[in-house]
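This report examines a single protein model. The reader is invited to study the sequence and the structure shown below before going on.

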Amino acid sequence: MDRSATTRVPRLRGSEGYPWRMAPVIRPAEIGDAASLGKVHVAAWQWAYRGLMPDEVLDSLRPEARARAWKSWLGGHDGGFQAWVAEVDGEVIGFASSGLPVDDDLPDDSIELLAIYLLEPYLHTGVGSCLLEAAEASWIDEGRQLGILWVLEGNTGTIEFYERHGWNHDGGKRDYPVGPNTTMPVLRYTKKLLG
Ligand SMILES: CC(C)(COP(=O)(O)OP(=O)(O)OC[C@H]1O[C@@H](n2cnc3c(N)ncnc32)[C@H](O)[C@@H]1OP(=O)(O)O)[C@@H](O)C(=O)NCCC(=O)NCCS
């Protein structure tokens with residue numbers, strides 16, 4: 001792991017009432033994180049999307065299956081994939097990931113935020129902002145000009161989070177498959193990274 005890319009979360013909104021003893025750390029994900037990422041990924045979908053997505057889709061998610069996918073993504077089988085984890089007291093409690101967008105109407109130097117999720121007790125702690133800032137800093141270092149992401153229509157808290165970080169809906173909308181025979185509308189947001 002590139003330890004130079006590890007950052008201690010610089011600001012916490014006070015320490016009282018927050019579920020950690022040591023300051024959270026943001027670092028690049030490693031292949032050995034795959035099992036933890038599988039668990040966090042499923043747990044985060046299940047709290048974040050309950051009421052937004054059908055229960056049968058959420059209840060069918062399996063951490064082992066997500067862990068296998070993470071192993072493949074982190075194993076370099078998916079060109080351009082990068083991920084960061086947030087760790088508290090040695091446990092992975094959240095992550096963000098990015099990759100090359102598939103949309104054909106974007107400039108070549110675009111990058112897509114594929115996912116950003118926290119376990120529920122860590123919501124509103126500032127850790128999500130630190131993950132997003134780590135991803136954006138890395139993209140800027142690589143010379144990426146435009147960030148894009150897709151977010152579920154109706155995921156209002158997360159949309160507010162993105163807008164606070166300077167992301168804007170660019171009018172893009174499509175149906176995203178979330179399970180067998182189930183699609184949901186997602187909105188495209190973009191952010192100019194350089195210039
Ligand atoms: C998006 C996410 C990573 C942000 O992490 P976070 O640590 O809560 O974010 P921060 O504390 O840095 O910023 C929180 C701000 O974002 C907005 N926000 C984020 N999630 C929110 C929610 N569920 N409800 C309302 N506002 C929310 C608010 O403006 C909030 O400000 P506040 O805490 O003063 O109310 C986290 O909320 C999360 O995991 N959400 C569910 C997963 C998800 O939808 N991921 C996006 C997939 S496209």
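## A loop glycine, the ligand shell and the core

In this predicted model, Gly-166 is classed as partly exposed because 13 other C-beta atoms lie within 10 Å of its own, a count between the limit of 12 or fewer for exposed residues and that of 20 or more for buried ones. Gly-166 belongs to the loop that links H5 with strand S7 (168-179). Between Gly-166 and Thr-190 the separation is 24 residues in sequence, while their C-alpha atoms are 8.6 Å apart in space.

The ligand is surrounded by 19 residues, and the closest of them are His-124, Gly-128, Ser-129, Gly-157 and Phe-161. Two or more residues of this shell come from each of helix H1 (34-48), strand S5 (110-118), helix H4 (127-141) and helix H5 (156-164). The largest share is that of H5, with 5 residues. The composition of the shell is as follows.

| Class of residue | Number in the ligand shell |
|---|---|
| Nonpolar | 9 residues |
| Polar | 8 residues |
| Charged | 2 residues |

The largest nonpolar core has 34 residues, and those touching the most other members include Ala-29, Trp-84, Phe-95 and Leu-131. Among the elements that each supply at least two residues of this core are H1, helix H3 (63-77), strand S4 (91-99) and H4. H4 gives the most, with 7 residues. Beyond its neighbours within four places in sequence, Phe-95 is in contact with several residues, including Leu-37, Val-40, Val-85 and Tyr-117. In soluble globular proteins, nonpolar side chains tend to be buried together.

Terms used:
Residues numbered from 1 in each chain as written. Predicted model: local features only at pLDDT ≥ 70, side-chain atom pairs only at ≥ 80, totals over all residues. Near = placed C-beta within 6 Å. Helix = DSSP H or I, 4+ residues; strand = E, 2+ residues; numbered from the N terminus. Nonpolar A, V, L, I, M, F, W, Y, C, P; charged D, E, K, R; others polar. Core = buried A, V, L, I, M, F, W, Y, C linked by C-beta atoms within 7 Å. Contact = placed C-beta atoms within 7 Å.
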